[in-house]
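Hi,

Here's the structure I said I'd pass on. Have a look at it, and then read on for what turned up.

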Amino acid sequence: MRKQDLGFDYHRYHRLLLEADDEDKRLALIELLIEEKARDRLAAQRASDRAAMTVNTIATVLKAGRNQGLP
């Protein structure tokens, strides 16, 4: 059995699925799942961008230090 994702609220989604007893509620649940997945992907992309900017800044500082003859 695979581990549950940390951001995946199994009990909440299970409850919402049980409550989705008509077409409108099922469509709302699908829309919610899509929105939350998109939000998670955006957060992951932002974290990746921040990490890339940090790496770039560190590389720039280290390069400048070498050019100035610093250890």
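Let's begin at the start of H2, where a side-chain oxygen of Asp22 comes to within 3.3 Å of the backbone nitrogen of Asp24. That fits a polar contact (a pair of N or O atoms within 3.5 Å; within protein, one must be able to donate a hydrogen and the other to accept it, and residues adjacent in sequence count only if both atoms are side-chain atoms).

Before going on, a word on the source: this is a predicted model, where local features need pLDDT of at least 70 and side-chain atom pairs count only at pLDDT 80 or more, while totals for chains, interfaces and linings use all residues. Residues are numbered from 1 along each chain as its sequence is written, and side-chain values use heavy atoms, with hydrogens and water left out.

The chain has two helices and zero strands (DSSP runs numbered from the N terminus: H or I, at least four residues, for helices; E, at least two, for strands). H2 has 45 residues and spans 66 Å from first C-alpha to last, close to the expected 66 Å (1.5 Å times one less than its number of residues).

Of the chain's 71 residues, 7% are buried (under 20% relative accessible area, 1.4 Å probe, protein chains only). In H2 those are Leu29, Glu36 and Gly65, and they pack against helix H1 (10-19).

Why does Glu36 count as buried? Because its relative accessibility is 8%. Beyond its neighbours within four places in sequence, Glu36 is in contact (heavy atoms within 4.5 Å) with Arg12 and Tyr13.

Cheers

Conventions:
Buried < 20%, exposed > 50% of the residue type's maximum accessible area, 1.4 Å probe, protein only.
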